[in-house]
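This report walks through one protein chain, moving from single residues with unusual backbone geometry to the sheet, the aromatic rings and the core. Please keep the sequence and the structure in view while reading.

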Amino acid sequence: MKTALVLMLGAALGAAASAQAQTASTGDRASNWLDLFGRAPSACVLSPPSAASGTNASFTAQGAQGVVRFTQFIDPQTAQPRDAVISLGFPVVCNSAHRLVVRTDGAGLARTAGPAPAPGFRDSLGFQLSADWAGLTATGPSSSTTPISLQTANGAAGLMNLTLNITGGGAPMVAGDYAGTLVVEIEASN
């Protein structure tokens, strides 16, 4: 499974400086002052995962993307999927109100090629997602095209935790390669 990051950045910094000079003179002493002004626009930065832990799953960073691999995707005796869980920690910094969105294409893990499965077999596997960020939690199934969304009223910095959980068992899986995509977005509110 690939984890793709879509970064919504608003990191243009603008500064306006207005100088107003006043001179006061008393004897052999003079003073001036300057008024300084600046503006920090809303900005969010979402970095690739820096921490990963899991059972029956591993994570490898590949630039701004990453790959989650399931160590033993199916039981070799029954062809049923095995339980797996992976938790990824994404470093996030947002200096204003913002929204975190995690979405899938609604297919979960799907076989990448091949004919339709024979009766009693399946060629896709759903999973459960959970996102924890800035004191908020949202969950949802990978089969939903409605994304997980967390709206925060303030800025926040730290690790956003994303957990992917596969429940084993059920109908056996057709042999082949399986893949899916997660997109994690963060957007500063204007």
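Ala134 is placed in the loop between strand 12 (128-133) and strand 13 (136-141), in what is a predicted model. Although Ala134 is not a glycine, its phi is positive, at about 50 degrees, and with 42% relative accessibility the residue counts as partly exposed. A second alanine, Ala79, also has a positive phi, near 65 degrees, in a residue other than glycine. Ala79 is found in the loop between strand 7 and strand 8, and because its relative accessible area of 18% lies under the 20% limit, Ala79 is buried.

As for the chain as a whole, the model has 0 helices and 17 strands. Of its 190 residues, 34% count as buried, and the accessible surface comes to about 10500 Å², of which 53% belongs to carbon and sulfur atoms. Among contacts between residues at least 6 apart in sequence, 75% join residues at least 24 apart.

One part of this strand architecture is an open sheet of 3 strands, arranged in the order 11-10-16 with antiparallel pairing. Strand 11 (124-125) and strand 16 (178-179) stand at the edges, and since each has a single partner strand, one side of each is left without a neighbour in the sheet. Strand 10 (residues 109-111) pairs with strand 16 in the antiparallel sense over 2 bridges, and the bridge partner of Arg111 in strand 16 is Tyr178.

Tyr178 also belongs to the aromatic part of the picture. How many aromatic pairs does a search of the whole structure find? The search finds 2 aromatic pairs, and they are set out below.

| Aromatic pair | Centre to centre | Angle between planes | Geometry |
|---|---|---|---|
| Phe70 and Phe73 | 6.2 Å | 40 degrees | tilted |
| Phe73 and Tyr178 | 5.2 Å | 45 degrees | tilted |

Phe73 lies in the loop between strand 7 (65-70) and strand 8 (84-94), whereas Tyr178 lies in strand 16, so this pair ties together parts that are 105 residues apart in sequence. Phe70 and Phe73 are both buried, and Tyr178 is buried as well. Taken together, Phe70, Phe73 and Tyr178 form one aromatic cluster.

Phe70 leads from the aromatic cluster to the nonpolar interior. In soluble globular proteins, nonpolar side chains tend to be buried together. The largest nonpolar core here has 36 residues, and the members that touch the most other members are Phe70, Met160 and Leu162. Strand 8 gives the most to this core, with 6 residues. Not counting residues up to four places away in sequence, Leu162 touches Ile86, Ser87, Leu88, Phe90, Val102, Leu129, Ser130, Ala131, Leu182 and Val184.

Some of the residues touched by Leu162 recur around Phe59, which is found in strand 6 (residues 57-62). With neighbours within four places in sequence left aside, Phe59 is in contact with Pro49, Ala52, Gly66, Val67, Val68, Ile86 and Leu88. Phe59 and Ser87 are 28 residues apart in sequence, and their C-alpha atoms are 9.3 Å apart in space.

A last residue to examine is His98, which has its place in strand 9 (residues 98-104). Is His98 buried or exposed? His98 counts as buried, because its relative accessibility is 0% and the cut-off for that class is under 20%. Which backbone oxygen does the side chain of His98 reach at 2.8 Å? That atom is the backbone oxygen of Ser96, and the side chain of His98 also reaches the backbone oxygen of Asn154, at 3.4 Å. Leaving aside neighbours within four places in sequence, His98 is in contact with Cys44, Trp133, Leu150, Gln151, Thr152, Asn154, Gly155, Ala156, Ile186, Glu187, Ala188 and Ser189. Asn154 therefore appears twice around this buried histidine, as a residue in contact and as the owner of a backbone oxygen that the side chain of His98 reaches, with the burial given by 0% relative accessibility.

Terms used:
Residues are numbered from 1 along each chain as its sequence is written. This is a predicted model: local features need pLDDT of at least 70, side-chain atom pairs count only at pLDDT 80 or more; totals for chains, interfaces and linings use all residues. Side-chain values use heavy atoms; hydrogens and water are left out. Helices (H or I, at least four residues) and strands (E, at least two) are DSSP runs, numbered from the N terminus. Buried means under 20% relative accessible area, exposed over 50%, partly exposed in between (1.4 Å probe, protein chains only). Contact means heavy atoms within 4.5 Å. Accessible areas come from the Shrake-Rupley method with a 1.4 Å probe; for residues, only the protein chains shown count as cover. A polar contact is a pair of N or O atoms within 3.5 Å; within protein, one must be able to donate a hydrogen and the other to accept it, and residues adjacent in sequence count only if both atoms are side-chain atoms. Two strands pair if DSSP finds at least two bridges between them. Rings of Phe, Tyr and Trp (its six-membered ring) pair if their centres lie within 6.5 Å; planes under 30 degrees apart count as stacked, over 60 as edge-to-face and the rest as tilted. A nonpolar core is a set of buried Ala, Val, Leu, Ile, Met, Phe, Trp, Tyr and Cys residues joined through side-chain atoms within 4.5 Å.
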